Amino acid sequence: MKLQEYRSKEILARHGVPLVMGETATTPEEARAAAERIGGPVVIKAQVLVGGRGKAGGVKLAASPDEAAERARDIIGLDIKGTTVKTVLVAPAADIAHEYYLGLILDRASRAIVVIASAEGGVEIEETAKTNPEAILRLSLHPLIGLQEHEVRRVGFFLGIPAELRKDFAKVMRGLFDAFVGSDADLAEINPLVVTADGRLEALDAKIVLDDSALPRHPDLEAMRDLNEEEPSEIAAREAGISFIKLDGSIGCMVNGAGLAMTTMDLVKLAGGEPANFLDIGGGAKADRVAAAFKIILDDPNVRAILINIFGGITRGDEVAHGIVEARAQLTRDVPMVVRIVGTNSEEAKPILAEANLITADSLDDAAAKAVAAARGAA
Amino acid sequence: MSILVNGETRLLVQGVTGREGAFHSAAMLDYGTKIVAGVTPGKGGQSALDGRVPVFDTVAEAVEQTGANASCIFVPAAFAPDAMLEAADGGLALVICITEGVPALDMLRVYHVLKAKGVRLIGPNCPGLTSVGEAKVGIIPGDIHLRGPVGLVSRSGTLTYEVVQAMTDAGMGQTTTVGIGGDPIVGTSFVDVLDMFNQDDDTEAIVMIGEIGGDEEEKAAAFVAREVRKPMAAFIAGRTAPPGRRMGHAGAIISGGAGTAESKRVALEAAGVRVADSPSHIPQLLRDAGVR
């Protein structure tokens with residue numbers, strides 16, 4: 001789960017990382033009031049989870065409270081890569097002398113938490129990796145003892161942190177590490193970490209991505225989820241225990257298992273169609289979850305056909321077939337459905353599906369071809 | 001012959017009295033797996049599975065009394081890291097964790113502790129493994145298998161079943177089928193299992209089922225190019241998956257642009273592996289490579 005900048009900063013501040021929080025605002029008037037309280041020039045920053053907000057006009061300077069209200073009016077409601085800005089962060093404008101990048105990621109390849117640091121802050125680290133890879137330091141931390149003082153020193157020297165700020169830098173790095181571990185993050189980055197003109201070290205922007213598997217033990221972090229930034233269908237899916245990602249095609253997919261769901265999408269594409277979604281209905285799916293999945297898929301007006309691919313191992317094919325027929329009877333919109341059920345009790349499933357006039361298929365390739373044909377027929 | 005488990009394996013099931021544990025343990029017993037003990041803290045002295053399996057409070061006690069040498073874990077995600085550590089502490093050499101949703105930072109610690117102890121961990125978030133006709137550990141349906149010469153290793157669950165079924169339908173049997181799990185941090189990698197299949201005399205050919213994300217398939221390709229002379233076929237799921245939905249921001253740097261289905265296909269083909277467009281094409285690709 002990605003956290004907004006102001007949420008990420010809250011977590012970092014809690015762990016002792018020096019930063020100026022600022023205030024969030026959802027209206028120009030709130031932005032004006034925030035700027036008045038802060039005093040002096042401020043920066044207005046769109047709170048969106050997509051990257052590239054600066055280029056999209058989502059970050060603006062304002063010299064006065066009146067100007068802050070104007071800039072907030074420009075930004076709130078702005079569409080940035082499909083997300084409408086609802087909230088802005090109003091923060092004191094910093095006079096920057098130098099910018100750095102400092103991040104931690106959970107690296108699956110080396111099975112360690114890895115420090116990534118670069119003296120080229122303020123630009124995306126992927127960009128630096130392409131243009132100037134030698135400017136990046138990568139340091140694997142010991143998985144059992146964590147961040148050590150000599151590692152903090154090494155990163156500080158690599159970045160060229162001024163001598164008088166080394167103690168503050170240690171606080172930043174220790175705080176970032178504690179925030180990472182304490183919140184079960186996959187990624188925590190400060191970009192840029194700046195030295196201000198008056199010689200202070202400060203985290204100007206931050207981003208934290210949390211490990212979804214660990215969220216059950218962090219209810220306080222779960223509460224930071226920004227529902228404004230999720231597709232309503234993806235929210236409904238999560239609440240129903242379904243893993244769902246919306247795509248742009250016309251063939252809805254309902255599958256048990258993530259790998260098989262991706263394969264089903266791939267075969268739809270191979271058969272000349274375009275999948276409308278990724279949907280993993282999970283293990284031991286019952287009629288209610290099938291019904292929820294139908295609703296989520298059919299809420300997408302682009303869907304012209306549905307391909308249901310269930311490999312019954314534990315799940316009994318006839319039970320799924322009954323679930324499909326029952327759920328379909330409740331639907332307000334109907335499209336052709338191709339159903340492929342294999343594994344346990346698939347023979348018993350066949351008459352149930354045939355009676356309900358569902359298109360059946362024995363192989364996955366056949367099912368994909370039939371779904372593509374059905375979508376064309378319905379278009 | 002087979003790898004990792006066989007008819008001699010003495011299996012212990014952690015979480016044997018739970019709903020999932022009991023259901024799948026019964027299926028394992030039916031397949032012929034020797035389950036010698038179950039562990040559920042607080043239920044020691046009872047028996048499970050209609051009296052067929054004695055239950056103990058601790059792994060240490062179960063091992064001492066039954067000589068168990070492998071464990072299969074079905075406990076909920078919040079308790080799974082501790083269960084893996086207890087299995088390792090109890091002296092088991094092989095631990096298979098089926099549980100889904102284990103926090104990654106917990107797995108980081110468990111992975112390194114078990115590695116230091118020399119314990120072979122499969123999973124978590126995996127379907128387990130089957131040495132065909134000898135023993136099945138985990139949740140892969142037993143009846144989709146056919147005994148034969150092909151070893152199979154996969155990162156997926158139901159996609160593994162799909163490929164096994166396609167092979168069985170085509171009359172192409174398996175030695176052992178292994179699901180290593182799809183989490184960012186798992187105990188056993190493709191390379192580990194490929195190495196075992198490569199050294200197993202009964203395994204004449206190998207099938208590998210990968211998916212997008214990470215660089216395990218690329219590492220496997222490098223290993224295959226260097227070590228493996230047996231015919232190989234592969235399938236990589238996720239060619240149509242949207243970019244950026246699964247992979248973290250800075251993660252792309254570390255894997256150096258790897259992670260797409262295409263980069264994995266290119267790497268595998270360069271290593272001489274035949275990569276299928278559909279799971280159903282795998283048996284023919286192996287036949288083309290001379291497998292019976």
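1. Confidence. This is a predicted model. Chain A has a mean pLDDT of 92, and 99% of its residues reach 70 or more. Within chain A, confidence is highest in helix 6 (residues 166–182), at 98. Helix 4 of chain A is where confidence is lowest, at a mean of 83. Helix 4 (125–131) of chain A also gives two or more residues to the side that touches chain B.

2. Overall build of chain A. The chain holds 13 helices and 18 strands. Along the principal axes, its C-alpha atoms fill a box of roughly 80 × 50 × 40 Å. Chain A has 379 residues, and 46% of them count as buried. Take the contacts in chain A between residues at least 6 apart in sequence: 68% of these join residues at least 24 apart.

3. Domains. The domain assignment splits chain A into domain 1 (21–92), domain 2 (96–222) and domain 3 (231–378). The centres of domain 1 and domain 3 of chain A, taken over C-alpha atoms, are separated by 43 Å.

4. Strand 16 of chain A. Is this strand buried or exposed? Eight of the eight residues of strand 16 (residues 305–312) are buried, so the strand is largely enclosed by the rest of the structure. Both of its faces are covered. On one side sit Ala305(A), Leu307(A), Asn309(A) and Phe311(A). On the other sit Ile306(A), Ile308(A), Ile310(A) and Gly312(A).

5. Partners of strand 16. Strands of a sheet pair through backbone hydrogen bonds, either parallel or antiparallel. Strand 14 (residues 251–255) of chain A runs parallel to strand 16 of chain A, and five bridges join them. One bridge pair there is Val255(A) with Asn309(A). Strand 17 of chain A also runs parallel to strand 16 of chain A, through seven bridges. Here Leu307(A) has Val338(A) as its bridge partner. Strand 17 (337–343) of chain A is also among the elements on the side that touches chain B.

6. Ala321(A). This residue lies in helix 11 (residues 317–329) of chain A. Ala321(A) is buried, with 29 other C-beta atoms within 10 Å. Which residues does Ala321(A) contact, leaving aside its neighbours within four places in sequence? They are Ile341(A), Ala349(A), Ile352(A) and Leu353(A). Ala349(A) is 28 residues away along the chain, yet the C-alpha atoms of Ala321(A) and Ala349(A) are separated by 5.7 Å.

7. The interface. In total, 49 residues of chain A are in contact with 45 residues of chain B. Elements giving two or more residues on the chain A side include strand 7 (96–107), strand 8 (112–118), strand 10 (185–196), strand 12 (206–210) and helix 13 (364–378). Helix 9 of chain A gives the largest share, 10 residues. By type, the chain A side divides into 27 nonpolar, 10 polar and 12 charged residues.

8. A helix crossing between chains. Helix 9 (residues 258–270) of chain A meets helix 5 (residues 158–169) of chain B. Their axes come within 6 Å and cross at roughly 65°. Gly259(A), Leu260(A) and Thr263(A) supply the chain A side of this contact. Thr158(B), Leu159(B) and Glu162(B) supply the chain B side. The residues of this contact divide into two nonpolar, three polar and one charged.

9. A sheet in chain B. Seven strands form an open sheet with mixed pairing, in the order 9-8-11-10-12-13-14. Why do strand 9 and strand 14 of chain B each have one side without a neighbour in the sheet? Strand 9 (135–138) and strand 14 (274–275) stand at the edges, so each has a single partner strand. At the strand 9 edge, strand 8 (residues 128–131) of chain B runs antiparallel to strand 9 of chain B, with four bridges between them. Leu129(B) has Val137(B) as its bridge partner.

10. Helix 9 of chain B. This helix (residues 261–270) lies across strand 12 (205–211), strand 13 (232–237) and strand 14 of chain B. Helix 9 of chain B runs at about 175° to strand 13 of chain B. Ser263(B) is placed in this helix. Ser263(B) is partly exposed, with 19 other C-beta atoms within 10 Å. Between Ser263(B) and Thr168(B), 95 residues apart in sequence, the C-alpha to C-alpha distance is 29 Å.

How values were computed: Residues numbered from 1 in each chain as written. Chains lettered and ligands numbered in written order. Predicted model: local features only at pLDDT ≥ 70, side-chain atom pairs only at ≥ 80, totals over all residues. Axes fitted to C-alpha atoms, helices over the stretch in contact; angles between N-to-C directions. Contact = placed C-beta atoms within 7 Å. Nonpolar A, V, L, I, M, F, W, Y, C, P; charged D, E, K, R; others polar. Domains from an automatic or database assignment. Pairing = 2+ DSSP bridges. Buried ≥ 20, exposed ≤ 12 C-beta atoms within 10 Å, placed from the backbone. pLDDT = per-residue confidence, 0-100.
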